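Please open the model in your viewer, switch to a cartoon representation, and keep a selection tool at hand for the stops that follow.

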Amino acid sequence: MNFIEMKRKTSFPSYLCVQYFRYIPVLTVTMMLTACSLFKTQEATRQKAQVHESAPEFALPGHDGNTYKLSDFRGKYVVLEWFNNDCPFVKKHYNSGNMQEIQKKITSQDILWFSIVSSAPGKQGHISAEEAMAIKNQRQSAQTAILLDPTGKVGKMYGAKATPHMFVITPKGTILYNGAIDDNSSSNPKTIQGSRNYVTEVLNATLSGAPVNVHHTKPYGCSIKYEVTP
Amino acid sequence: MKQGLFFFALSISFSLAQGVTKPIHTSATLITEYDAIDPTQENFIGIRIHLEKNWHTYYLNPGDSGAPPKPKWQLPSEWTLGPLLWPTPKRISVPPFFAFGYEKEVLLMVPLTFTGHTVRRNEITIRLDLEWLACKVECIPYFATLRKTLPIQSQRLKSKDAPLFERVRSLIPKQKHKALITQVTPQAVTLKVTGINYKQALDFIPHPNMPLAHILPEFSQSTGQALQIVLKRYPASAQRLNPLKGLLILNSSQHSSNAVIVEAESPKTSSSFAAKIALCLGVLLILFLTIFKIILRKVPQKGNSIP
């Protein structure tokens, strides 16, 4: 049935509907394209890593000379810890042995743990691969690797602000947790006992199939000594 | 040379013997407004923190990093301390971040009242274990145990620190103001504040745990005295914004303090009202289409039909 026949056989309002039906595919495509462009604009404005969204991809050199690419570890949980060896809040967790203990427990469950150094050259906490190796040995830490991010590109991509600032990434590559290591912002190691460790809580919950109650907290500690770009 | 080394070693051993480790960039002291504590009145005691030039310590919301001072008090059970009173902080730029805190000197006041039945002692000893963080670019945590013993009596005189208490008291934000959250997007939240007298809005410092970024807000004055504030949201956060609290810092001659506490909420009925309207419109539309369809079927097609 062609359009003229349709026009002849249908009433006036139905004819109008039929006439407009012709434009439906065009309108749908236009709407879809608009939605896509809006979505892209929104994505572009989101620069930082967000909970429940894909963890930004990175490839960084490690203390051992190897390059670690996040997407290579798809299928496994990954913990990211922003690290500055000279920060008092980092010292609180490492001098007390707390961080090493957590790292050992977590990495023994086939979970990867990367400590990322985003301090710029000449600033507090900046280290070379050799220094990172020495720190790892001296502290007897059990992270998978210490990664070097001297330009701060990865740190800024994740919106990392403090040391320690923690992220937990799911095997699917989405961010499960973004925030502080625990709920006590004191730099006193005596406060570790009795504090609520969010990273272990989140991992224990998700590994046991229980709901994760905390996805985001405010990180505390020293500001990351990024390279300041004018 | 040998003599110099001897005196250096002597000074270190002396300070160790005294149990004093003098902080390098900051110091803290416990001070009172009066030279005695009156059990019938509210008494103000204060933690005075001195900081070297370019060093800062933190407000209750420290900003992007840092930590506020943490006092742990010990005093007789019949005495009660009120909340720590935080003077209006300053925005401190630590590129690429912002901190909220204090430079040079800050006095954190706390009210002390007698809540017992009878005063049994004639003096009171206040002990404070204080932890605070001082930062320039790098941060140093400090710990101190401070003690002060004062007579308990109604006859009392102002201490030498009383003028400081007076000055700082005027810097503590007291005035509370309600505001409306007018727009929420994934990137920002817009507040509308009405009924305040001000010359210029300077800053908005969120209360702790507000899911807001700490960058400078955008201010614009709409009709009348209404002030519109656009605050950037913390990108990673999915926390609730309602109610949104913070300090609105104003340049004004109207207030003794230059900051007002703003508590903003979304209009309570607006979301549910909008949802109801949308539902009604949807039902009406479906109804209209159904009727339209029935009419089309029932009404004989005259005129347009071809025999």
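Begin in chain B of this predicted model by selecting strand 14 (residues 218-221) together with strand 15, two strands of chain B that pair in the antiparallel sense over 4 bridges. Within this pairing, Q221(B) has L227(B) of strand 15 as its bridge partner.

Keep strand 15 of chain B selected and add strand 12 (residues 188-193) of chain B, which pairs with strand 15 in the antiparallel sense over 6 bridges; here V193(B) is the residue that stands opposite L227(B).

Now show the side chains along strand 15 (residues 227-232) of chain B: which of them are buried? L227(B), I229(B) and L231(B) point to one face and are buried, whereas Q228(B), V230(B) and K232(B) point to the other face and are not. In general, the side chains of a regular strand alternate between the two faces of the sheet.

Move next to chain A and select its open sheet of 5 strands, whose order is 5-4-3-7-8 and whose pairing is mixed. Its edge strands, strand 5 (145-148) and strand 8 (175-179) of chain A, each pair on one side only, and the twist from one strand to the next averages 20°.

Inside this sheet, select strand 3 (residues 78-82) and strand 7 (residues 166-169) of chain A, which run antiparallel and are joined by 4 bridges; V79(A) has V168(A) in strand 7 as its bridge partner.

Finally, add helix 6 (residues 129-139) of chain A, which packs on the sheet, touches strand 4 (112-117) and strand 5 of chain A, and has a direction at about 155° to that of strand 5. Helix 8 (residues 198-208) of chain A also packs on the sheet, touching strand 3, strand 7 and strand 8 of chain A, with its direction at about 165° to that of strand 8.

Terms used:
Residues numbered from 1 in each chain as written. Chains lettered and ligands numbered in written order. Predicted model: local features only at pLDDT ≥ 70, side-chain atom pairs only at ≥ 80, totals over all residues. Pairing = 2+ DSSP bridges. Axes fitted to C-alpha atoms, helices over the stretch in contact; angles between N-to-C directions. Contact = placed C-beta atoms within 7 Å. Buried ≥ 20, exposed ≤ 12 C-beta atoms within 10 Å, placed from the backbone.
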